[in-house]
Amino acid sequence: QQRAAAILLVQKACGLRPSEALGIQPEHVTPPHLLSHTAAYKFVINLGMRHGTKANRAQVAMLNCRRYPLAALLLQQLVLTTPANCYLCPMTLAQYQSAIKRAAERLQLPSYTSHSARAGFATDSILWGDDFVTVREAGRWLHDTSLRIYLDQVSVTSQLSHFAKQGRLNNIEVLRTQAPLYFKWCHGCSFKQVHVPGQLLLSVS
C-alpha cells in the first residue's frame, strides 16, 4: 500500500490514467540528470502504445520536479527499489482502486477514486496558471470536451476548506515543500539528506 500511495502522487503530478500509472517499469523512466539542459528538472515517463492513451502513437508523460518535488522524490525511490522489468506498483487495477477507497474513507475524502488524481492534475494545472492547450497536451487528452470533464475548481476549493477546518493544511504544506530534504537523491540532484520528521508524517497520515 505504500507503493500505491507513492504511485498515486506520481499519477496526480503527471496526469496519468490509472492503467498507465500501474504499467510503469523502471526502464520506462528517464531521470532529469540524463536529459538535456532544457528538461533538466523533469522526469520523462515513456508510456508506449498503452491501452487508454486513445492516440495512435507512442505517449510520454513528464513530472516537473520543481512543481511536484515530493512526487519526484517518490518516483525516484520507486525506480531505485524496483527490479528491472517489474512494475513500480505491482497491483491490479481492482487492488489499486480498493486501496485508494480505504485511504479516502480514512481521510474522509468524498468520492475519491483512481481517476481523481488525473482530475486533480488538470485542475491544479489550471490553478497554477497553465493555459488550456498546455494542460490538454500534458495530460494527453485528445479533445477539449474530454479535458473539461476533469476540471473541477469548486471541489478543490471545497476540499481545501475541509482540510483547513481539520487543521491539516499547515502540516500538508510543510510536508509537500520540505519532504525532499529528508531523503537522499541520486547523482545530479541538489537536495541534501537530513533527519526524517516521523511525527510530521504521522500527523497527516
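## Close-up views of a predicted model

**View 1. Helix α1 meets helix α4.** The axes of helix α1 (residues 2-14) and helix α4 (residues 93-107) come within 10 Å of each other and cross at roughly 90°. That crossing makes α1 roughly perpendicular to α4, because angles of 65 to 115 degrees count as roughly perpendicular. On the α1 side, look for Ala4, Ile7, Leu8 and Gln11; on the α4 side, find Tyr96, Ala99 and Ile100. Sorted by character, the residues of this contact are six nonpolar, one polar and no charged. Two packed helices are described by the angle between their axes and the distance between the axes. Please keep in mind, here and in every view below, that this is a predicted model.

**View 2. The protein as a backdrop.** Before zooming in again, it helps to meet the whole chain. The secondary structure of the protein comes to ten helices and three strands. Starting at the N terminus, you can follow the elements in the order α-α-β-β-β-α-α-α-α-α-α-α-α. Of the 205 residues of the protein, 40% count as buried. The accessible surface comes to about 11700 Å², and carbon and sulfur atoms hold 58% of that surface. Now consider contacts between residues at least 6 apart in sequence: 60% of them join residues at least 24 apart.

**View 3. The start of the chain beside α4.** Gln1 sits in the segment before α1. Is Gln1 buried or exposed? With a relative accessible area of 61%, Gln1 is exposed, because exposed means over 50%. Leaving aside residues up to four places away in sequence, Gln1 touches Met91 and Arg102. Try tracing the chain from Gln1 to Ala103: they are 102 residues apart in sequence, while their C-alpha atoms are 9.6 Å apart in space.

**View 4. Two cysteines without a bond.** How many disulfides does the structure hold? The count is zero. Cys14 is in no disulfide, and the nearest cysteine sulfur, that of Cys65, is 9.5 Å away. A disulfide needs its two sulfur atoms within 2.5 Å, so the pair in this view does not qualify. Cys14 counts as buried at 1% relative accessibility. Cys65 is buried too, with a relative accessible area of 13%.

**View 5. Val29 and its neighbours.** Val29 belongs to strand β1. Its relative accessible area is 10%, so Val29 is buried, as buried means under 20%. Which residues does Val29 touch, not counting residues up to four places away in sequence? They are Ile24, Phe43, Val44, Ile45, Leu75 and Val79. One of these neighbours, Ile45, is worth a second look: Val29 and Ile45 are 16 residues apart in sequence and 4.6 Å apart in space, C-alpha to C-alpha.

**View 6. A glycine in the loop before β1.** Gly23 lies in the loop between α2 (18-22) and β1 (29-30). At 9% relative accessibility, Gly23 counts as buried. The partner to find in this view is Leu88, which is 65 residues away from Gly23 along the chain. Their C-alpha atoms are separated by 7.8 Å.

**View 7. Two loop residues with positive phi.** Most residues other than glycine have a negative phi. Asn85 is not a glycine, yet it has a positive phi of about 65°. You will find Asn85 in the loop between α3 (69-80) and α4. Asn85 is exposed, with a relative accessible area of 60%. Arg140 has a positive phi of about 65° as well, although it is not a glycine. Where is Arg140? Arg140 lies in the loop between α6 (132-139) and α7 (144-150). Arg140 is buried, with a relative accessible area of 8%, whereas Asn85 is exposed.

Notes: Residues numbered from 1 in each chain as written. Predicted model: local features only at pLDDT ≥ 70, side-chain atom pairs only at ≥ 80, totals over all residues. Heavy atoms only, no water. Axes fitted to C-alpha atoms, helices over the stretch in contact; angles between N-to-C directions. Helix = DSSP H or I, 4+ residues; strand = E, 2+ residues; numbered from the N terminus. Parallel < 35°, antiparallel > 145°, perpendicular 65-115°, else oblique. Contact = heavy atoms within 4.5 Å. Nonpolar A, V, L, I, M, F, W, Y, C, P; charged D, E, K, R; others polar. Buried < 20%, exposed > 50% of the residue type's maximum accessible area, 1.4 Å probe, protein only. Areas by Shrake-Rupley, 256 points an atom, 1.4 Å probe, with all protein chains shown as cover.
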